[in-house]
Amino acid sequence: MKITVMGLGYIGLPTAITLAEAGFEVCGFDVNKKTIETLQGGHIHIVEPGLQEAFEKAVAHGHLHFSEELGKSDVFYISVPTPFFEDENGSHKADLRFVESAGRMAGKVLEPSNLVILESTVPPHTSEMLARVLSEESGIPMNEIHVAHCPERVIPGNMMYELKNNDRIVGARTPEAAEMAASIYEKVLEKGVVHKTDDLTEMCKLTENTFRDVNIAYANELSVICDKMGIDVFELIKLANCHPRVNILTPGVGVGGHCIAVDPWFIYEQFPAEAKVILAARERNENKPHFVADKVVAKMKKVTDTVGVLGLSYKPDVDDLRESPSIELCHILQEKGVKVIACEPFAKDTEVQNIPNVSFEEVLKADYLVITLGHTLFKENKDKIAEKPYFDCVGLME
């Protein structure tokens, strides 16, 4: 069976490698020419433990190759970004342009027996839109199009394990498409189980990430309340979590990444009157960088001091900068007239979104430090950080 993976980013590339490891013939396709050239040159373009080794093995065995041209295939995986945008009324809307574009490209080479699997996280009814687009481009009747939806459920830093061991939820428009998709995932999974359902249960991934967003919002709200009361929020949470049925998360500078910071809006977009808790959680998490910025400015001895931000990615020990609240914090401080430098060891560029990215040794020369992430580098050098005045957003120095 030949599988084409469309979109070779943080999810698409590990998915392509995992499918190749399972014995499928896999073609990785991306519209970014530089990405294809990098992969054809033998190197991956993202940071993920074990991924380079798995990539090299799959290529060496002849199961994985890459192309700038989309050809015929038995199965098409669509793994493209689904960001949100704000309309003229300030409402958050899902941006499905990349999904539609990938669907139209696949539709031009689609055959009746082919299966299209959407791995992107999307709002309900997107599978229906994708089937319509595929039908328009291919000429195949819409009710004969095989479309399934199976969004990833992995965490950066542990993808290669979780892609093979986490349960997968396959939602499909027809039982035939569900069986076709399930047969593929069953060859990939080692411990996980495939659960088959209808296409409207695209809501499952949104539900999972919204649950996490609400829980993080509670931790972040506690940190704001504790600040007003003069309580160490990290000590408070540690004590509360001694209760056998309580597990409060650790607060931070906000919520980032392409999933948790985005997916709740997909539910709120369609159900604004009902999603009150979801909206409140989103607003709390989006406001946290502003709260931290105000605290930092208040604690600085002089407005002319330089602030060094420790971490720009959205979670520890990864290079993913999408929706990063640390970057948002830097921009807010810059708008307040503060000179900001940052240390993001997983970013190669010396400047990240107009923020100077310096070495750890260089960032320690700043007058005031803000710890936004628990990178291993920072954990191993807590004694050096402690020599400077600092504001700890994540409890690293506890």
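**Contacts, helices and sheets**

Reader: Which residues is R284 in contact with, leaving aside its neighbours within four places in sequence?
Author: The model is a predicted one. R284 is found in helix α11. Once neighbours within four places in sequence are left aside, the residues in contact with R284 are A217, N220, E221 and V224.

Reader: With which side chain does the side chain of R284 make a polar contact?
Author: E221 is among the residues in contact with R284. A polar contact joins the two side chains at 3.2 Å. The partner of R284 in this polar contact is E221.

Reader: How far is the C-alpha atom of R284 from that of G395?
Author: R284 and G395 are 111 residues apart along the chain. In space, their C-alpha atoms are separated by 19 Å.

Reader: Is α8 parallel or oblique to α11?
Author: Helix α8 covers residues 203-229, and helix α11 covers residues 276-299. Their axes come within 8 Å and cross at roughly 40°. Angles under 35 degrees would count as roughly parallel, and the crossing angle therefore makes α8, relative to α11, oblique.

Reader: Is the crossing of α8 and α11 left-handed or right-handed, and how many charged residues does the contact have?
Author: The α8 side of the contact includes T210, D213 and E221, and these residues and others meet a set in α11 that includes R282, R284 and K288. The crossing of the two helices is left-handed. By class, the contact has eight nonpolar residues and four polar ones, and the number of charged residues is seven.

Reader: At what angle do the axes of α8 and α9 cross?
Author: Helix α9 spans residues 233-240, and its axis comes within 9 Å of that of α8. α8 passes α9 in a right-handed crossing. The two helices are oblique to each other, and their axes cross at roughly 120°.

Reader: How many charged residues are in the contact of α8 with α9?
Author: From α8, the residues L222, S223 and C226 take part, and they meet V233, L236 and I237 in α9. Five of the residues in this contact are nonpolar and one is polar. The number of charged residues is no more than the classes leave: there are no charged.

Reader: How far apart are the axes of α4 and α5?
Author: Helix α4 (residues 97-107) and helix α5 (residues 126-138) pack at an angle of about 35°. The crossing in which α4 passes α5 is right-handed. Residues of α4 including V99, G103 and A106 meet residues of α5 including M129, L130 and V133. The distance between the axes is 8 Å.

Reader: Which strands stand at the edges of the sheet of eight strands?
Author: The sheet is open and mixed in its pairing, with the order β3-β2-β1-β4-β7-β8-β9-β10. An edge strand has a single partner, so one side of it is left without a neighbour in the sheet. The strands at the edges are β3 (64-67) and β10 (194-198).

Reader: Which residue in β8 stands opposite L118?
Author: Strands pair through backbone hydrogen bonds, either parallel or antiparallel. Strand β7 (residues 115-118) and strand β8 (residues 146-149) pair in the parallel sense over four bridges. In β8, the residue opposite L118 is H149.

Reader: Which strands does helix α2 lie across?
Author: Helix α2 takes in residues 33-40. Its direction is at about 150° to β3. The strands it lies across are β2 (25-29) and β3.

Reader: What does the twist average from one strand to the next in the sheet of four strands?
Author: This open sheet has parallel pairing and the order β12-β11-β15-β16. β12 (339-343) and β16 (390-392) are its edge strands, each pairing on one side only. From one strand to the next, the twist averages 20°.

Reader: Which residue in β12 is the bridge partner of L310?
Author: Strand β11 (residues 306-310) pairs with β12 in the parallel sense, over five bridges. Helix α12 (residues 325-335) lies across both of these strands and across β15 (368-371), and runs at about 160° to β12. The bridge partner of L310 in β12 is C343.

Key. Residues numbered from 1 in each chain as written. Predicted model: local features only at pLDDT ≥ 70, side-chain atom pairs only at ≥ 80, totals over all residues. Heavy atoms only, no water. Axes fitted to C-alpha atoms, helices over the stretch in contact; angles between N-to-C directions. Left-handed = near helix turned anticlockwise from the far one by under 90°. Contact = heavy atoms within 4.5 Å. Pairing = 2+ DSSP bridges. Parallel < 35°, antiparallel > 145°, perpendicular 65-115°, else oblique. Nonpolar A, V, L, I, M, F, W, Y, C, P; charged D, E, K, R; others polar. Polar contact = N/O pair within 3.5 Å; in protein donor to acceptor, adjacent residues only side chain to side chain.
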